[in-house]
Amino acid sequence: MIARKMAALLAAAALVLTGCGAGTGAGGTGTPDPAGELTVALQFPPRADYAFDADDGARLQSLGVAETLTTVDADARPAPMLATAWEQQGNAWRVTLRQDVRFHDGTPLTPDAVVTALRYVAGVEAPPRAIRGIGFAVTPDGADAVRITTTEPDPVMPLRLSSGNLGILAPAAYAGGGAPAYLRTATGPFVLDSVSGADSAQLVRNDDYWGEPAGAARVTVRYVEDPQARALAIQAGDVQFAEGLPQAQLAQVRAAGAEVVEYPNARTVPLQLNQSATPFSDLRVRRAVTAALDRPVLAQQVLAGGAAPAADLFGAAVPWGETAPPPGADVARARQLLAEAGYTEQNPLTVRLWTFPNRPELPALANAIQAMLGAAGMKVDITVGNYEAQEPKVLAGDYDMFLNSRSYLSDFPDAASTLTSDYTCDGSYAIDQYCNPAYDALVDRLNSTEDPAVRQQLFGEAAAMLTRDAVGVMVVHPRNTAVLRGATGFVPDPLQIRPVLPQLSPTTG
């Protein structure tokens with residue numbers, strides 16, 4: 001099936017790129033037992049009762065409960081899911097639906113059912129970001145298709161439709177007039193049988209699934225936000241799968257006989273530099289900061305291998321990312337550039353570095369960056385504060401350096417949104433205060449480019465321009481982790497589109 005083929009390709013790519021993971025990299029030993037049950041510990045609980053107009057929609061997708069019209073393949077290109085084909089017609093797309101699909105309540109997948117589901121989510125007060133602000137509308141188009149229109153021609157609609165917020169539920173789910181009823185109304189390999197708030201959920205295999213069946217008969221999902229608690233649950237044998245364990249816990253769970261799989265994450269930690277004011281309006285100073293930082297040391301030593309050093313904005317999680325490591329520090333070059341900009345021992349440069357503790361790697365990186373920049377003659381004052389309080393100031397250009405953590409894919413696997421919001425002259429999240437008409441012209445070409453290969457080429461060109469202009473320093477790309485003990489079959493998905501749980505099987509022996 002498409003989903004399993006995509007999973008295998010993603011696994012091979014991820015493990016080759018990172019060189020991480022024990023054993024097979026797919027997790028676990030023993031004989032798969034498809035009639036058995038699993039208990040898993042997941043790190044992100046539902047915050048809004050699995051609402052599709054919130055980020056919880058992606059949770060239903062990752063559980064293998066709700067499905068979208070499309071998914072993506074190993075090259076981050078659209079692939080069939082509940083839809084089998086799509087064709088652009090001006091500012092519209094005709095999307096052909098898969099035949100012989102039934103919802104968990106037994107009703108068939110029809111164009112009217114898809115229209116009901118997508119009209120609901122498009123009509124809420126704050127529609128999902130994947131379709132917000134584009135004039136999204138949907139109507140039936142014959143017996144086997146729907147027609148989706150937008151205000152302007154949209155080249156990436158098939159990728160938008162892979163967003164977990166656009167899951168399709170049975171018409172009965174929307175009959176109550178409020179939030180859709182998600183229990184036993186989706187199409188996925190698992191049926192969501194019951195939930196206990198934000199604490200747990202019960203899944204059972206969908207024996208009438210249109211594709212390859214789930215690898216376990218039943219799954220108990222526990223939402224465990226504390227990473228230490230997830231590690232202890234694996235060690236105690238209380239769960240057979242856990243996600244998101246930090247490096248400090250990995251040796252312990254390996255010693256308990258668990259398998260650890262590490263794989264790329266579509267996220268970058270950038271050291272953002274305020275180009276709207278001195279000193280970072282000077283390209284030489286920005287390049288001096290880049291030369292002073294030893295990014296391989298930050299990734300391998302400061303973060304104990306929990307990240308890959310970043311050579312540019314994109315990393316190994318996407319096919320267009322740069323996987324070659326950046327060079328180490330060149331302190332002599334950094335000092336030379338600072339001197340050319342007028343900063344010497346007699347006139348040293350002092351700057352403020354802000355960051356926040358929500359992501360625990362950031363304060364540790366900030367301290368190491370302070371030391372590296374100090375070795376090049378730059379004095380750095382660190383403030384670790386509340387992100388919500390910092391954000392208005394950094395967006396207004398009232399800062400020097402800001403150590404951030406940023407996903408470079410926004411709700412679906414296309415980088416145009418991030419490249420636009422973060423780096424164009426009128427970007428809504430342009431913390432670096434970068435404004436280059438040549439860059440804006442390059443990004444504007446994406447609005448009329450449908451071919452995924454050409455789009456990905458443009459992504460790479462945009463990232464290279466950011467590197468040449470020293471638009472901040474892309475420091476590291478954090479890695480994801482998954483741990484299995486008593487389960488097998490896990491295949492990493494750096495894009496976080498493919499369902500996590502249906503591939504898992506309990507093991508015996």
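How far apart do the end C-alpha atoms of residues 78–428 lie, and how much of the span is helix and strand? Load the model, which is a predicted one, and select that stretch. Its end C-alpha atoms lie 27 Å apart. The span is 27% helix and 23% strand. UniProt lists residues 78–428 as "domain: Solute-binding protein family", in an unreviewed entry.

**Stop 1: Gln-61**

Select residues 56–63. This is helix α2, and Gln-61 is found in it. Is Gln-61 buried or exposed? It counts as buried because its relative accessible area is 6%, under the 20% cut-off.

Now show its side chain. It reaches the backbone oxygen of Ser-162 at 3.0 Å. Next, display what Gln-61 touches, leaving out residues up to four places away in sequence. Ser-162 is on that list, with Ser-163 and Gly-164. So are Ala-66 and Thr-68. Gln-496, Ile-497 and Pro-499 complete the list.

**Stop 2: the second largest cavity**

Keep Gln-61 on screen. Rolling a probe the size of a water molecule over the atoms shows where empty space is left. The structure holds five cavities of 30 Å³ or more. The second largest cavity has a volume of about 60 Å³.

Which residues line the second largest cavity? Gln-61 is one of them. Add Ala-66, Glu-67, Thr-68, Thr-70 and Thr-71. Then add Met-81, Ile-497 and Pro-499. Colour this lining by class: four residues are nonpolar, four are polar and one is charged. Ala-66, Thr-68, Ile-497 and Pro-499 belong to this lining, and Gln-61 touches these residues too.

**Stop 3: the second largest pocket**

Move on to an open space. The second largest pocket has a volume of about 320 Å³. Its lining has 22 residues. Start with those nearest its centre: Arg-287, Thr-290, Ala-291, Arg-295 and Thr-467.

Next, select α7 (283–292), α14 (452–468) and β20 (473–484). These are the elements that give two or more residues to the lining of this pocket. Which element gives the largest share? It is α14, with four residues. Colour the lining by class again. Here 13 residues are nonpolar, four are polar and five are charged.

**Stop 4: Arg-230**

Select residues 227–236 for helix α5, then pick out Arg-230. Arg-230 has a relative accessible area of 2%, so it is buried.

Show the side chain and look for backbone oxygens. Which ones lie 2.7 Å and 2.8 Å from a polar atom of the Arg-230 side chain? At 2.7 Å is the backbone oxygen of Val-224. At 2.8 Å is the backbone oxygen of Glu-243.

Now widen the selection to the contacts of Arg-230, leaving aside neighbours within four places in sequence. Ala-41, Leu-42 and Gln-43 are among them. Val-224 and Glu-225 are in contact as well. So are Ala-242, Glu-243, Gly-244 and Leu-245. Finally, draw a C-alpha to C-alpha line from Arg-230 to Phe-44. The two are 186 residues apart in sequence and 12 Å apart in space.

**Stop 5: Glu-152**

End in a loop. Glu-152 sits between β8 (145–149) and α4 (157–160). Is Glu-152 buried or exposed? Its relative accessibility is 56%, so Glu-152 counts as exposed; the cut-off is over 50%. Last, select Ile-134, which is 18 residues from Glu-152 along the chain. The C-alpha atoms of the two are separated by 7.4 Å.

How values were computed
Residues numbered from 1 in each chain as written. Predicted model: local features only at pLDDT ≥ 70, side-chain atom pairs only at ≥ 80, totals over all residues. Heavy atoms only, no water. Buried < 20%, exposed > 50% of the residue type's maximum accessible area, 1.4 Å probe, protein only. Polar contact = N/O pair within 3.5 Å; in protein donor to acceptor, adjacent residues only side chain to side chain. Contact = heavy atoms within 4.5 Å. 1 Å grid on protein atoms, 1.4 Å probe; cavity = no way out; pocket = protein on both sides within 12 Å on 5 of 7 lines; lining within 4 Å. Points joined across faces, edges and corners; volume = space filled by probe spheres on them. Nonpolar A, V, L, I, M, F, W, Y, C, P; charged D, E, K, R; others polar. UniProt positions renumbered as here; feature names shortened; annotations may be inferred.
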